[in-house]
Amino acid sequence: REAKIVVAYGELSFDVTVKQAGKKEAPKTPVFELVSEEVMEFTQDQQIGTISFKLENPVEGVSVTAKSNQSWVSDINVREADGEIAFVIAANSGAAREAKITATYGMLEFKVTVKQAEYVAPAPVLEITSTLEAFAAEGGEGVIAYVLENAQDGVELKATADVEWITINSVADGVVVFTVAK
């Protein structure tokens, strides 16, 4: 800033200009902090996750970046204006697993651990889809239709009758074929 001091004596005077430098304001230090939990847990299914962060005193030309150390954490999308990092967790078909997402802003960074539960196969479901018919005294061939969902490896579908006068002919492709004796 600048000002004048005027010194006067009658008609005589002089002035002096006084200048003062301004206080230089130190640049504010950026703040980049994790707002979400440091460990995030997910089920075995494919899901979308979101990490929240705080960014204060941003520096022009510097932006937030994020990356994962595992390929099953993908499609990482930084939404700096929203203070969020979105990502996709692929469905898990094996053992429980863990990844790290590293978010960086200039020299500042934080890490989030992503844990995904192990794969657990859905329980099998066996349902009848046709109604049973009564047979005449002459007997004959019958069919039972069924649906089997979530079949498990190593488990065989079988049909048995608890009497000798019914013979199971075949069990395949959603159908049990049987014969009723006379």
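# Strands, core and two residues in a predicted model

At 22% relative accessibility, Leu55 counts as partly exposed, because this class lies between buried (under 20% relative accessible area) and exposed (over 50%), computed with a 1.4 Å probe on protein chains only. The model is predicted, so local features need pLDDT of at least 70 and side-chain atom pairs count only at pLDDT 80 or more, while totals for chains, interfaces and linings use all residues. Residues are numbered from 1 along each chain as its sequence is written, and side-chain values use heavy atoms, with hydrogens and water left out.

**Leu55 and its surroundings**

Leu55 belongs to strand β5; strands here are DSSP runs of E with at least two residues, numbered from the N terminus. Between Leu55 and Val31 the C-alpha to C-alpha distance is 5.5 Å, although the two are 24 residues apart in sequence. Apart from neighbours within four places in sequence, Leu55 has contacts (heavy atoms within 4.5 Å) with Val31, Phe32, Val64, Glu80 and Tyr105.

**The sheet that holds β5**

Strand β5 is part of an open sheet of four strands, ordered β3-β5-β8-β7, in which the pairing is antiparallel. Two strands are taken as paired if DSSP finds at least two bridges between them. The edges are formed by β3 (31–34) and β7 (73–79); each has a single partner strand, so one side of each is left without a neighbour in the sheet. Within the pair of β7 and β8, Ser74 stands opposite Val88 of β8. The hairpin of these two strands has four residues between them, and Gly83 takes a positive phi near 70° there.

**A second sheet**

Another open sheet of four strands follows the order β4-β10-β9-β6, and its pairing is mixed. Here β4 and β6 (64–68) are the edge strands, each with a single partner strand, so one side of each is left without a neighbour in the sheet. Where β6 meets β9, Thr65 stands opposite Thr104 in β9.

Three strand pairs are set out below.

| Strand pair | Sense | Bridges |
|---|---|---|
| β7 and β8 (residues 84–89) | antiparallel | five bridges |
| β6 and β9 | antiparallel | five bridges |
| β13 (residues 166–172) and β14 (residues 175–180) | antiparallel | six bridges |

**The hairpin of β13 and β14**

Ala172 has Val175 in β14 as its bridge partner. Two residues lie between the strands of this hairpin, and Asp173 takes a positive phi near 50°.

**The largest nonpolar core**

In soluble globular proteins, nonpolar side chains tend to be buried together. A nonpolar core is counted as a set of buried Ala, Val, Leu, Ile, Met, Phe, Trp, Tyr and Cys residues joined through side-chain atoms within 4.5 Å. The largest such core has 18 residues, and those that touch the most other members are Phe32, Ile51, Val73, Phe87, Ile89, Phe110 and Val114. At least two residues of the core come from each of β4 (39–42), β5 (47–56), β8, β9 (97–105) and β10 (108–116). The largest share, four residues, is supplied by β9.

Ile51 is one of the core members that touch the most others. With neighbours within four places in sequence set aside, Ile51 is in contact with Leu34, Ser36, Met40, Gly83, Glu84, Ile85, Phe87, Ile101, Phe110 and Val112. Among these contacts are Phe87 and Phe110, which are also among the core residues that touch the most other members.

**Gln44 in a loop**

Gln44 is found in the loop between β4 and β5. Its relative accessibility is 19%, so Gln44 counts as buried. Although Gln44 and Ala91 are 47 residues apart along the chain, their C-alpha atoms are separated by 5.7 Å. Ala91 is also one of the contacts of Gln44; the others, again leaving aside neighbours within four places in sequence, are Asn92, Gln116, Ala117, Glu118, Tyr119 and Val120.
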